[in-house]
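Here is a short tour for anyone who likes to see the cut-offs next to the values. Have the structure open and follow the topics in turn.

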Amino acid sequence: MRSRYCGRSQFTKINGLPTRLEASEPSMLAFLRRNQILLSSCFCLILSLYLLAASARGQLKYDPVGSAVLWLVRPLQSGAQAVSNWIKEMSQSPVTLANLRSENDKLRKQMLHLEAERNRLLEGEAANKRLQELLDFRSQVPSGSVTAAIIANTASTWFQSCLLNKGSADNVRKGMAVVSPQGIVGQVVSVTPQSAKVLLITDANSGVDVLVQRTRSRGIVSGALDGTVVMKYVKRSDELQEGDRLITSGLDGVFPKGLLVGTIGKVRRQQAGLFQSIEVVPAVHAGQLEEVLIVGGDAPAPAAKG
């Protein structure tokens, strides 16, 4: 008789025919094998109940199973949380974008409003500063001066003038001087009831009698056809230098004495001739002025009755 083992069964040959023999393993091992799933589940359940009970009573100082479980489920929890967050963001994204767009528009309008308000306050502050300087300067000129605003500028090569918003209705007359805290501006050459035209000292047809403040040398400041301002009729013997301040002499009957006209920019002494060639830097740039004083505007005396 010859036998061979195949899996759990054992085969043998009796009278030349193969015959299956029943397993000869112990009964306890066979029982465990037959019920291994049930026994494993019961063991895990009992172990879990024990761990839960021990953990609830605080008897477990170290929980290796819990740590292992946490380590195993942590990636799953992270992935689940990421997916949940993504779904939540996707569901809220249209609403969030609409809210952000509305909030952005609101903030842009507020910014524009604040910028306009800031510009208005800065302009108000600058105007107050200019008017305060003009008010302080008004005490230094003869009484009867009129405050006016420049409403137009005409600064061409052939004729340099500006237009004021005060005229004969405000006692402004032709020939009056126009000045500012920085220096003299020009002379009124024509008047309407509501406006006055001013010939600037930078015009070639103007002429202001001046003194050199340091040396008291006299001359006439006038515009030139090339756009510069010059001081004429200064004797070659007068010692002038760049930076000397020029002030009104008061002898022309238009500008009060002592007002700043400008400074000497360049002195050229020619080999021949009686006078020096002097370039002047005006103290006032009419293009940057906004308010001026019209000086000599005393109200005309009322006509005597009878």
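Throughout this briefing, a residue is buried under 20% relative accessible area, exposed over 50%, and partly exposed in between, with a 1.4 Å probe and protein chains only. By that scale, R130 is partly exposed, at 23% relative accessibility.

The model is predicted, so local features need pLDDT of at least 70 and side-chain atom pairs count only at pLDDT 80 or more, while totals for chains, interfaces and linings use all residues. Residues are numbered from 1 along each chain as its sequence is written, and side-chain values use heavy atoms, with hydrogens and water left out.

**Overall make-up**

- The chain has 3 helices and 15 strands; these are DSSP runs numbered from the N terminus, with helices being H or I of at least four residues and strands being E of at least two.
- Of the 306 residues in the chain, 26% are buried.
- The chain exposes about 21000 Å², and carbon and sulfur atoms supply 58% of that area; accessible areas come from the Shrake-Rupley method with a 1.4 Å probe, and for residues only the protein chains shown count as cover.
- Taking contacts (heavy atoms within 4.5 Å) between residues at least 6 apart in sequence, 50% join residues at least 24 apart.

**Nonpolar cores**

- In soluble globular proteins, nonpolar side chains tend to be buried together.
- A nonpolar core here is a set of buried Ala, Val, Leu, Ile, Met, Phe, Trp, Tyr and Cys residues joined through side-chain atoms within 4.5 Å.
- The largest such core has 25 residues, and V179, I184, V221, M231 and L246 have the most contacts inside it.
- At least two residues of this core come from each of α3 (64–138), β6 (177–180), β9 (208–212), β11 (229–232), β13 (260–268), β14 (277–282) and β15 (291–295).
- Leaving aside neighbours within four places in sequence, V179 is in contact with F137, V141, I184, V185, F255, L259, V292, L293 and V295.
- Apart from the largest core lies another, of 18 residues, including A148, M176, V178 and V292.

**Around S222**

- S222 sits in strand β10 (residues 218–223) and, at 1% relative accessibility, counts as buried.
- Which backbone oxygen does the side chain of S222 reach at 2.8 Å? That oxygen belongs to S206.
- A polar atom of the S222 side chain also lies 3.4 Å from the backbone oxygen of A204.
- Not counting residues up to four places away in sequence, S222 touches I201, D203, A204, S206, G207, T228, V229, V230 and K232.

**Salt bridges**

- Side chains of opposite charge can pair when their charged atoms come close.
- There are 8 salt bridges in the structure, each a side-chain nitrogen of Lys or Arg within 4 Å of a carboxyl oxygen of Asp or Glu.
- One of them joins the side chains of E290 and R130, at 3.1 Å from N to O. Because E290 lies in the loop between β14 and β15 and R130 in helix α3, the pair ties together parts that are 160 residues apart in sequence.
- E290 is partly exposed at 38% relative accessibility.
- R218 pairs with D209, their closest N and O atoms being 2.5 Å apart. R218 is partly exposed at 43% relative accessibility, whereas D209 is buried at 9%.
- E279 and R268 also meet through their side chains in a salt bridge, at 3.4 Å from N to O. E279 is in strand β14 and R268 in strand β13, so this pair ties together parts 11 residues apart in sequence.
- E279 is partly exposed at 26% relative accessibility, and R268 is partly exposed at 38%.
- R130, E290 and E291 are joined into one network by salt bridges that share partners.

**Cysteines**

- How many disulfides does the structure hold? It holds 0, a disulfide being a pair of cysteine sulfur atoms within 2.5 Å.
- The sulfur of C42 has its closest cysteine sulfur in C44, 9.4 Å away, which is too far for a bond.
- C42 is partly exposed at 38% relative accessibility, and C44 is partly exposed at 45%.

**Around T154**

- T154 belongs to strand β4 (residues 146–155) and is partly exposed, with a relative accessible area of 39%.
- The C-alpha atoms of T154 and G287 are separated by 9.1 Å, with their positions 133 residues apart along the chain.
- Not counting residues up to four places away in sequence, T154 touches F159, Q160, S161 and C162.

Definitions and conventions. Polar contact = N/O pair within 3.5 Å; in protein donor to acceptor, adjacent residues only side chain to side chain.
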